[in-house]
Amino acid sequence: MTYERIVVLGGGTAGWMTAAALATGLKGTTVELVESEDIGIVGVGEATFPSIRAYHQILGIPEADFLRATNGTYKLGIKFRDWRVRGEDYYHTFGDFGQLDGPNALWGQYRRHVNAGLPAFGEQCLPTVMALNDRFCAPGKDAAHFNYAYHFDANLYARFLRDIAIGRGVRRTEGKVVDVARRQDGGVASLKLDDGRVVGADLFIDCSGFTSLLLGRTLGEPFVDFSRWLPVDRAWACPSARVGTGLTPYTRATALDAGWAWRIPLQDRTGNGHVFSTRFIDEDKAREQLLQQLDGEALAEPRLLRFTTGHRARFWSHNVVGIGLATGFLEPLESTSIYLVQVGIGRLMTLLQRGGAVPAAAIDAYNTGLVRQFERIRDFILMHYCLTARRDTPFWTAMAATELPETLAYKLHAWRQTGALHQYEEEGFDGHSWLAIHAGMHHWPERSDPTFNQLPAEKSLEWVRERARQLAEAVAPVSTHEAYLAQVLGR
Ligand SMILES: Cc1cc2nc3c(=O)[nH]c(=O)nc-3n(C[C@H](O)[C@H](O)[C@H](O)COP(=O)(O)OP(=O)(O)OC[C@H]3O[C@@H](n4cnc5c(N)ncnc54)[C@H](O)[C@@H]3O)c2cc1C
């Protein structure tokens, strides 16, 4: 069967991102989006991953227009505070650390001179040095390569994309779905709205958020629960007033007693949230801890969000494709939800653009690919917790003792034994990202490879120190994040 008529259910970030992409890339297909103002959207999800820039490029969205419309700022990565031990921090930015293996791998010299008072490993990564100094500039064509993402107001982003999608022909239908009619083959035939209207289609994209109305509730697709590895299950979210003049070009993630708190700088305010596990702290105490974290006045009452980490067993079943929270949620530590939305959209578009019916084998491959993406990111997030040296609360003691999925256990083993940054298929994060966390958590290989000793000790120390000096010098003339943003916005 071909898909002449596609209905997207849900007008959150996932729904409008999908609708805008379909309207841009699929000519001749009717796209309708059904959403309910009464239900509303999650409206958090303010930090992103660099892949969002590719999405904007494909849709032809100018960066300045997007930043203006969403109160957006630039994001070089994440600063992790108190994750290994209290009082210590490290960065994971979207940059690189030179060679990852062989005698010239920088980490090898750090492993060799572990107690020699070298600059922090992060100081060997250009965007981290920028983050440390609140600087930002987009990478030039000739400059060292690094990547970046954005922070933005999720409510404004959905509205911004809605206008683009509608401008490209998407029909918006306001209404609450109260019933779903099925086809004989088990697929979805149509949606019934609360005012009696019926909306039919060949293909339904379920972007209904945590309710997973089509994929979960209607088709009964089972949920694969990750909470034995990622036990956080609630978040309090609360905006606060911006204080001071500085604008950090990074998200801050501070480890607390039973979870962690995010701090996301926007142009007009700061986004904050506390992600926690109710197995280890109650909601009231977690709310109190969030309010203690704010560095400006709270601008609204904190809002509670409930979730379970994991994903639907399949993302595409019958004529329903789930995208966004309707398919699952990992937890926002590495800002990967919108990235996963994009992976789904990209693969769906590739299949639909070929025209004709999508064969069962391609749907199976779509499902396997998305499941693997979730598993890889689960492992990456879990690594931030399980390498902790903290034992000061029951939560951290439990996280350090977590029985790991074998995929992650093998990766940590390979690194400890030989310094290999093992990568599976469908990885969301490359070796440099994994290395940033290993180094930040002081998790070095147990054996020092003899090839690292080929360079005389003094020379290698000088090389490492000189590299950090050069990066500091390169960053010194770069404008502050605030000044760069003002220039891009024309202010
Ligand atoms: C605490 C928290 C922090 C997060 N932080 C980040 C982050 O930093 N970075 C990141 O990338 N992601 C983050 N996310 C995830 C991010 O918020 C979501 O991936 C993103 O907003 C997409 O949500 P969605 O569109 O799938 O769902 P929603 O925003 O919930 O949208 C669902 C839509 O479905 C509609 N709907 C539902 N039921 C019906 C019905 N019966 N009839 C009609 N319409 C219906 C609703 O009206 C709404 O329009 C976070 C999530 C949480 C919970």
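This is a short dialogue on reading two domains and a strand pair in a predicted model.

Biologist: How is the protein chain divided into domains?

Modeller: A domain need not be one unbroken stretch of sequence, as the assignment shows here: domain 1 takes in 5–46 + 153–225 + 309–358, while domain 2 takes in 77–146 + 234–306 + 376–491. Taken over C-alpha atoms, the centres of domain 1 and domain 2 are separated by 32 Å, and the contact draws on 17 residues from domain 1 and 27 residues from domain 2.

Biologist: What area do domain 1 and domain 2 bury between them, and which residues in domain 1 lose the most?

Modeller: Between them the two domains bury about 1,700 Å², with 63% of it on carbon and sulfur atoms. In domain 1, the residues that lose the most area to domain 2 are Glu46, Leu333 and Glu334, which together account for 42% of what that side buries.

Biologist: How many salt bridges and polar contacts are counted between the domains?

Modeller: The count between domain 1 and domain 2 is three salt bridges, and eight residue pairs are found in polar contact across the interface.

Biologist: Turning to the strands, how do S4 and S5 pair, and is S5 mostly covered or uncovered?

Modeller: In a regular strand the side chains alternate between the two faces of the sheet. Here, strand S4 (residues 77–81) pairs with S5 in the antiparallel sense over five bridges, and Tyr90 in S5 is the bridge partner of Phe80. Strand S5, which spans residues 89–93, is mostly covered, with four of its five residues buried.

How values were computed: Residues are numbered from 1 along each chain as its sequence is written. This is a predicted model: local features need pLDDT of at least 70, side-chain atom pairs count only at pLDDT 80 or more; totals for chains, interfaces and linings use all residues. Side-chain values use heavy atoms; hydrogens and water are left out. Buried means under 20% relative accessible area, exposed over 50%, partly exposed in between (1.4 Å probe, protein chains only). Helices (H or I, at least four residues) and strands (E, at least two) are DSSP runs, numbered from the N terminus. Two strands pair if DSSP finds at least two bridges between them. Domain bounds come from an automatic or database domain assignment. Contact means heavy atoms within 4.5 Å. Buried area is the accessible area (1.4 Å probe) that two parts lose on being put together, summed over both. A salt bridge is a side-chain nitrogen of Lys or Arg within 4 Å of a carboxyl oxygen of Asp or Glu. A polar contact is a pair of N or O atoms within 3.5 Å; within protein, one must be able to donate a hydrogen and the other to accept it, and residues adjacent in sequence count only if both atoms are side-chain atoms.
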